[in-house]
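Thanks for coming. I will go through one structure, starting with a loop and then moving to the sheet, the helices and the rings.

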Amino acid sequence: EGAWRVGVSVRGAVENVGLVGADDVVGVLGRGEVRVAVRAAGVNFRDVLNVLGMYPGEVLVGGEAAGVVVEVGPGVSRCGVGDRVLGFFGGAMGPLAVTDERLVAPVPAGWSFVEAASVPIAFATAYYALVDLAGVGAGERVLVHAVAGGVGMAAVQVAGYLGAEVFGTASPGKWGVTGLGVERLASSRDVSFEGVFRERLGGGGVDVVLNALAGEFVDASARLLVPGGRFVEMGKADVRDEGSLPGCVYRAFDLGEAGPERIGEILGEVLELFGRGVFRLPPVRVFDVRRAGDAFRFVSQARHVGKVVLSMPREWDAGGTVLVTGGTGALGALTARPLV
């Protein structure tokens with residue numbers, strides 16, 4: 001009974017993923033807030049780290065979703081009740097979620113809620129990293145790790161839009177979905193990518209690394225940078241100190257640092273590029289929210305390509321209409337009776 005969302009009872013294991021109370025989503029809305037009936041919510045590696053207790057701070061599980069606005073707070077002007085929106089939330093994996101109006105945008109015509117929920121975090125993260133932080137320019141060389149994942153696929157598209165030459169790592173079995181030719185790819189299973197790309201670049205290096213790996217992978221990636229290159233770290237497992245990687249500019253980040261206004265701007269810019277046909281939607285694997293634990297396990301084992309999204313069951317509409325064929329028969333009558 002009552003409001004709920006997907007969460008974790010005790011951090012430390014994917015098996016602890018389940019439904020938790022969410023009384024905050026039914027409270028009085030503050031100024032600039034909107035309440036959304038969630039139809040689909042994205043699952044990100046950050047959520048898995050959160051569940052495992054490896055993500056810094058106390059953060060609700062579920063950071064992006066798509067759905068329908070059901071209520072707006074005082075001062076809201078960017079959307080109204082009934083609007084289909086996608087965007088960023090805290091605790092998005094439930095029937096209702098609340099967020100700042102600046103963090104949502106209209107769902108493009110023709111998109112399903114599942115497709116819409118696959119976009120915000122992956123594309124905004126890649127855009128912020130490569131545009132705002134790295135300042136990638138035309139003709140530069142960019143190395144993106146894990147290019148078969150959501151952010152990786154988005155980063156390949158963002159870097160390509162900026163005119164960069166893109167290289168990436170991924171498990172060889174996933175190379176076909178990355179959008180890159182085999183001459184631009186190397187395995188993500190070991191640090192052999194350093195030698196592979198060094199040879200293919202004629203002994204040269206790359207200008208920018210977008211990283212989410214750890215340990216020796218960080219050092220091998222840094223060695224591939226040209227002098228003064230930019231190392232942009234979006235991972236949380238091995239964040240280095242600024243200046244710890246000699247000869248390059250090191251910048252670790254979290255998308256949230258950009259603030260609601262800039263994040264909203266980025267989301268608008270990303271959707272405008274989708275509208276122009278510059279970006280394309282990632283492949284999506286859908287799990288019913290009642291199988292959230294399976295979805296988290298799937299992501300934790302890196303079995304996915306593109307994005308994983310949870311779909312939400314629609315609530316029963318007591319004012320709706322139901323057509324029961326064969327309603328005068330025994331089974332039809334039993335089905336129809338509770339509907340009256």
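**Two loops, a sheet and some rings**

Ala146 sits in the loop that connects strand 8 (141-144) with helix 4 (150-161). Bear in mind that this is a predicted model. The phi angle of Ala146 is near 55°, which is a positive value in a residue that is not glycine. Is Ala146 buried or exposed? Neither: Ala146 is partly exposed, because its relative accessible area is 39%, and the buried class ends at 20% while the exposed class begins over 50%.

There is a second alanine to put beside it. Ala302 also has a phi near 55°, again positive and again not a glycine. Ala302 is found in the loop between helix 8 (292-300) and strand 15 (307-311). With 44% relative accessibility, Ala302 counts as partly exposed.

Now the sheet. Six strands make an open sheet with parallel pairing, and the order is 10-9-8-11-12-13. Which strands are at the edges? Strand 10 (185-187) and strand 13 (248-252), each of which pairs on one side only. From one strand to the next, the twist averages 15°.

At the strand 10 end, strand 9 (residues 165-170) runs parallel to strand 10 and is joined to it by three bridges. If you want to find the place on screen, look for Gly168, which stands opposite Leu185 of strand 10.

Next, the helices that lie on these strands. Helix 4, which follows the Ala146 loop, lies across strand 8, strand 9 and strand 11 (206-211). Helix 4 runs at about 170° to strand 9. Helix 6 (residues 216-223) lies across strand 11 and strand 12 (225-233), and its angle to strand 12 is about 140°.

Which residues of helix 6 are buried? Phe217, Val218, Ala220, Ser221 and Ala222 are. What do the buried residues of helix 6 pack against? They pack against helix 5 (193-200), strand 11 and strand 12.

Back to the part of the chain around Ala302. Strand 14 (residues 284-288) and strand 15 run parallel, and five bridges join them. Val286 has Val309 in strand 15 as its bridge partner. The chain passes from strand 14 through helix 8 to strand 15, and this β-α-β crossover is right-handed. The Ala302 loop lies on the second half of that path, between helix 8 and strand 15. There is also a charge over a ring here: Arg285 lies over the face of Phe298, 4.7 Å from the ring centre. Elsewhere, Arg84 lies over the face of Phe113, at 4.6 Å from the ring centre.

Last, the aromatic pairs. How many does the structure hold? There are 10 aromatic pairs. A ring pair is described by how far apart the centres are and by the angle of the planes. For Phe123 and Phe274 the centres are 4.9 Å apart and the planes are at 65°, so this pair is edge-to-face. Phe123 belongs to helix 3 (residues 120-133) and Phe274 to helix 7 (residues 259-275), so the pair links distant parts of the chain, 151 residues apart. Both Phe123 and Phe274 are buried.

These two rings have company. Together with Trp111, Tyr161 and Phe279, Phe123 and Phe274 form one aromatic cluster.

That is where I will stop.

Notes:
Residues are numbered from 1 along each chain as its sequence is written. This is a predicted model: local features need pLDDT of at least 70, side-chain atom pairs count only at pLDDT 80 or more; totals for chains, interfaces and linings use all residues. Side-chain values use heavy atoms; hydrogens and water are left out. Helices (H or I, at least four residues) and strands (E, at least two) are DSSP runs, numbered from the N terminus. Buried means under 20% relative accessible area, exposed over 50%, partly exposed in between (1.4 Å probe, protein chains only). Two strands pair if DSSP finds at least two bridges between them. Axes are lines fitted to C-alpha atoms, for helices over the stretch in contact, and angles run from 0 to 180 degrees between N-to-C directions. Contact means heavy atoms within 4.5 Å. A crossover is right-handed if, with the strands pointing away from the viewer, the path from the first strand over the helix to the second runs clockwise. Rings of Phe, Tyr and Trp (its six-membered ring) pair if their centres lie within 6.5 Å; planes under 30 degrees apart count as stacked, over 60 as edge-to-face and the rest as tilted. A charge sits over a ring if NZ of Lys or CZ of Arg is within 6 Å of the ring centre and within 35 degrees of the ring normal.
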